[in-house]
Structures are given as C-alpha cells and as structure tokens.
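Hi,

Here is the structure I said I would pass on. Have a look at it first, and then read on for what turned up when I went through it.

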Amino acid sequence: MKIPPIVSAQEWEDAREDMLVKEKELTRARDALAAERRRMPRMEVTEDYRFEGPEGELSLLDLFEGRRQLVVYRFFFEPGVHGWPESGCRGCSFMADQVGHLAHLNARDTTLVHVSPAPQEDITRYKARMGWQIPWYTFTGDFDKDFGVDEWHGTNAFYRDDEGRIFRTYFINSRGDEALGTPWAFLDMTALGRQEKWEDSPEGYPQTEPYAWWNLHDEYDEPTVHEAALSAAADSQRGARSPRP
C-alpha cells in the first residue's frame, strides 16, 4: 500500500489548515442546500394511505404522532429479501443502526418511522433481535409506488398543517441516504429544518436559540436551557447568518 508522505507536526498542521478551508466550504454549501429545501414547493397528499401497527390500523396522519413533521424510511423487509423472514435488507438494516435517539428529533416536532409490507409479527421479531426502537409500520396499499420507494429504498419527508392536511416536502434516495442517521441530517431534509435562529429560513418559520434546546434524551419531558449555549462563544460557532432576498 502506497501511503502519503510522513511530515513534521507543523507540516501536518499546515496541511490540515488547507483541508479545513475545503471542509468549511462543504459545510456552508450543505447549509445553503438545506435552506433551499425549506423553500421547496409542497405536494398535497390526498390519498388515504393505510398502515398496520402494533395496535391496529392507522392513517398517514396517525404516523405523525401529533407532531408537525414526519420522516418515513422505506425498509425492504419482505418476501424475496435475502434472509427473509429472519432478517431484512442489509443496507436498510445498516441505515437503522445509524439512527440516534429519537427524543432529539421529537423535540423538534418531528417523527421518524419505518414502513415495510411485512406483517407486524415479523417486524416485531426483527426489531427485538436488532434492538431498534424506531416505530415500524406495515403499509397495505400503494404508498411505496406513489412515493418512489417500490423498487429501491428512500426517505420521504412530510409536513402537516393546522387543518390536518399533509404535504410531501422532500425525498432522498440512493447514495443520499448515506448521510442520514443523525438528528441533524434528518432535520436538514425537512420543511422546517433544525428550527434554530442562525438558519436561513422563510419568514415566520419556528426558530429558537441554537444549542439551548438540546437536552439529555431522558429529560425532554422537563427540558431546561443550558446556559453555556447562550454564550457569545457558542454563538460564534455558527457564524453570521446571510439572509436571502
């Protein structure tokens, strides 16, 4: 194996500083892309999609669990998948293993779920084996075909308004799914984003101080504001916001 050159500590720091410039460019580009997502047109969902859960039949609106946003990952767990019915798609399972604690997404008014055509008894067994806590439902109609996930995995984002209308706001598939798993990545694909004041969002979008809403995952029922998050040092980590016209 041909390795890169061996250098002094100062040369390593210089090389790292050069790389950091490119990393910052990538971060800013990612933030700008998320800002554009928040301005994407929305498609109203009028079909009455039905799902089966541990407690019985549900609608797409029920999957929101009362929250404003819903992120749905299509998990390939069904006849024809290698290892069925004892295991599911290796890639989908890899994705599920990446997901952090759901309390942080929920704190931003966002619900994450999986959907598959597999019966609930098989889903329950596989979830227990893998130790996953993500809500996982059985779709019973054409949800997968209508939202581009009948032949390949993908992640759809939805938003519900005060009247209970549902809108499809974004869709990520193929290698785009590789980046998903953290609360930040899921929130960045949603209509409302991270909902922090530094973000470039349309007027009137919900936003709070960055960092301040973060809590331990078992303390969100009685959240407290971490005072250090309100310091000037913390604010400087985000940089100046660049408003859009």
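Let me begin with Arg 125, which counts as partly exposed at 34% relative accessibility. Before going further, please keep in mind that this is a predicted model.

What does Arg 125 pair with? Its partner in a salt bridge is Asp 122, and the closest N and O atoms are 3.0 Å apart. The two sit three residues apart in helix 5, so about one helical turn separates them. That fits a general point: an α-helix has 3.6 residues a turn, so residues three or four places apart point the same way. Asp 122 itself counts as buried, because its relative accessibility is 9% and the cut-off for buried is under 20%.

Asp 122 is not alone in being tucked away on that helix. Helix 5 covers residues 120-130, and its buried residues include Gln 120, Ile 123, Tyr 126 and Lys 127 along with Asp 122. These five cover an arc of only 155 degrees around the axis, which means they are on the same side of helix 5. Turn to the other side of the helix and you find Glu 121, Ala 128 and Arg 129, which are exposed. If you want a place to start in the viewer, helix 5 is a good one.

Now for the overall picture. The protein has eight helices and eight strands. Its C-alpha trace spans about 60 × 55 × 35 Å along the principal axes. Out of 245 residues, 42% count as buried.

Back to charges. How many salt bridges does the structure hold? There are 15. Besides the one in helix 5, here are two others to look up:

- Glu 178 and Arg 175 meet through their side chains, at 3.0 Å from N to O. Glu 178 is partly exposed at 49% relative accessibility, whereas Arg 175 is exposed at 64%.
- Asp 48 and Arg 50 also form a salt bridge, again with 3.0 Å from N to O. Arg 50 is partly exposed, with a relative accessibility of 26%.

Some of these bridges share partners, and in that way Asp 48, Arg 50 and Glu 57 are joined into one network.

There are also two surface patches to look at. One is negative: Glu 47, Asp 142, Asp 146, Asp 150 and Glu 151 gather there. Take Asp 150 as an example. You will find it in the loop between helix 6 (143-146) and strand 7 (154-160). Its relative accessible area is 31%, so it is partly exposed. A residue needs over 30% to be part of a patch, and Asp 150 passes with its 31%.

The other patch is nonpolar, covers about 460 Å², and is made by Met 1, Ile 3 and Ile 6. Met 1 belongs to the segment before helix 1. At a relative accessible area of 94%, Met 1 is exposed.

While you are at that end of the chain, look at Val 7 too. It is in the segment before helix 1, which runs over 9-37. Val 7 is partly exposed, with 40% relative accessible area. Where does it stand relative to Leu 61? The two residues are 54 apart along the chain, and their C-alpha atoms are separated by 58 Å.

Finally, a few backbone details in the loops:

- The peptide bond from Trp 84 to Pro 85 is cis, and its omega is near 5 degrees. Pro 85 is in the loop between strand 4 (69-74) and helix 3 (90-98).
- Asp 109 is not a glycine, yet it has a positive phi of about 60 degrees. Its loop lies between helix 4 (102-106) and strand 5 (110-116), and with a relative accessible area of 31% Asp 109 is partly exposed.
- Ser 174 also has a positive phi, near 50 degrees, without being a glycine. This residue is in the loop between strand 8 (166-173) and helix 7 (183-188). At 40% relative accessibility, Ser 174 is partly exposed.

That is what I have for now. Have fun looking around!

Cheers

Terms used:
Residues are numbered from 1 along each chain as its sequence is written. This is a predicted model: local features need pLDDT of at least 70, side-chain atom pairs count only at pLDDT 80 or more; totals for chains, interfaces and linings use all residues. Side-chain values use heavy atoms; hydrogens and water are left out. Patches are made of residues with over 30% relative accessible area and no salt bridge: like charges are joined within 9 Å, nonpolar side chains (Val, Leu, Ile, Met, Phe, Trp, Tyr) within 5 Å. Accessible areas come from the Shrake-Rupley method with a 1.4 Å probe; for residues, only the protein chains shown count as cover. A salt bridge is a side-chain nitrogen of Lys or Arg within 4 Å of a carboxyl oxygen of Asp or Glu. Lys and Arg count as positive and Asp and Glu as negative; His and the chain ends are not counted. The place of a charge is taken as NZ of Lys, CZ of Arg, CG of Asp or CD of Glu. Helices (H or I, at least four residues) and strands (E, at least two) are DSSP runs, numbered from the N terminus. Buried means under 20% relative accessible area, exposed over 50%, partly exposed in between (1.4 Å probe, protein chains only). The arc is that of the directions from the helix axis to the C-beta atoms.
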